[in-house]
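Hi there,

Here is the structure I promised to pass on to you. Have a look at it first, and then read my notes below.

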Amino acid sequence: MRYSAGADLAPAVRQAEAAAKAEIYRRLGLALTYDSGKQKVLVEMNLNQHSAKTRGLPVM
């Protein structure tokens with residue numbers, strides 16, 4: 001799967017199978033964690049995949 005800069009990735013992610021979505025998220029440095037007790041999703045993203053340090057604040 002290849003997309004140019006500025007391409008809308010939302011349709012591709014929506015239509016992708018679970019394994020492909022996981023690979024897209026992994027390559028973007030995106031992690032989703034679902035808390036079933038609170039029915040909330042925690043989203044974390046490594047903005048610079050070449051840096052081991054994380055930045056920013058959690059979004060509540």
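Below is what turned up, going from the whole chain to a few side chains.

Please keep in mind that this is a predicted model. The protein chain has 60 residues, and 7% of them are buried. Its secondary structure consists of 2 helices and 2 strands, which come in the order α-α-β-β along the sequence. If you take the contacts between residues at least 6 apart in sequence, 0% of them join residues at least 24 apart. The chain's accessible surface is about 5,700 Å², and carbon and sulfur atoms account for 55% of that.

Now for the strands. Leu32, Tyr34, Val41 and Val43 make up a nonpolar patch on the surface, with a combined accessible area of about 400 Å². Both β1 (30-35) and β2 (40-45) contribute at least two residues each to this patch; Val41, for instance, sits in β2.

The charged side chains are worth a look too. Side chains of opposite charge can pair when their charged atoms come close. The structure has 2 salt bridges. In one, Glu23 pairs with Arg26, with 2.7 Å between the closest N and O atoms. Those two residues are 3 apart in helix α2 (residues 18-28), about one turn of the helix. Glu23 also forms a salt bridge with Arg27, again at 2.7 Å from N to O, and here the partners are 4 residues apart in α2. Glu23, Arg26 and Arg27 are thus linked in a network.

How exposed are they? Arg26 counts as exposed because its relative accessibility, 53%, is over 50%. Arg27 is exposed at 58%, while Glu23 is partly exposed at 28%.

Happy exploring!

Methods: Residues are numbered from 1 along each chain as its sequence is written. This is a predicted model: local features need pLDDT of at least 70, side-chain atom pairs count only at pLDDT 80 or more; totals for chains, interfaces and linings use all residues. Side-chain values use heavy atoms; hydrogens and water are left out. Buried means under 20% relative accessible area, exposed over 50%, partly exposed in between (1.4 Å probe, protein chains only). Contact means heavy atoms within 4.5 Å. Accessible areas come from the Shrake-Rupley method with a 1.4 Å probe; for residues, only the protein chains shown count as cover. Patches are made of residues with over 30% relative accessible area and no salt bridge: like charges are joined within 9 Å, nonpolar side chains (Val, Leu, Ile, Met, Phe, Trp, Tyr) within 5 Å. A salt bridge is a side-chain nitrogen of Lys or Arg within 4 Å of a carboxyl oxygen of Asp or Glu.
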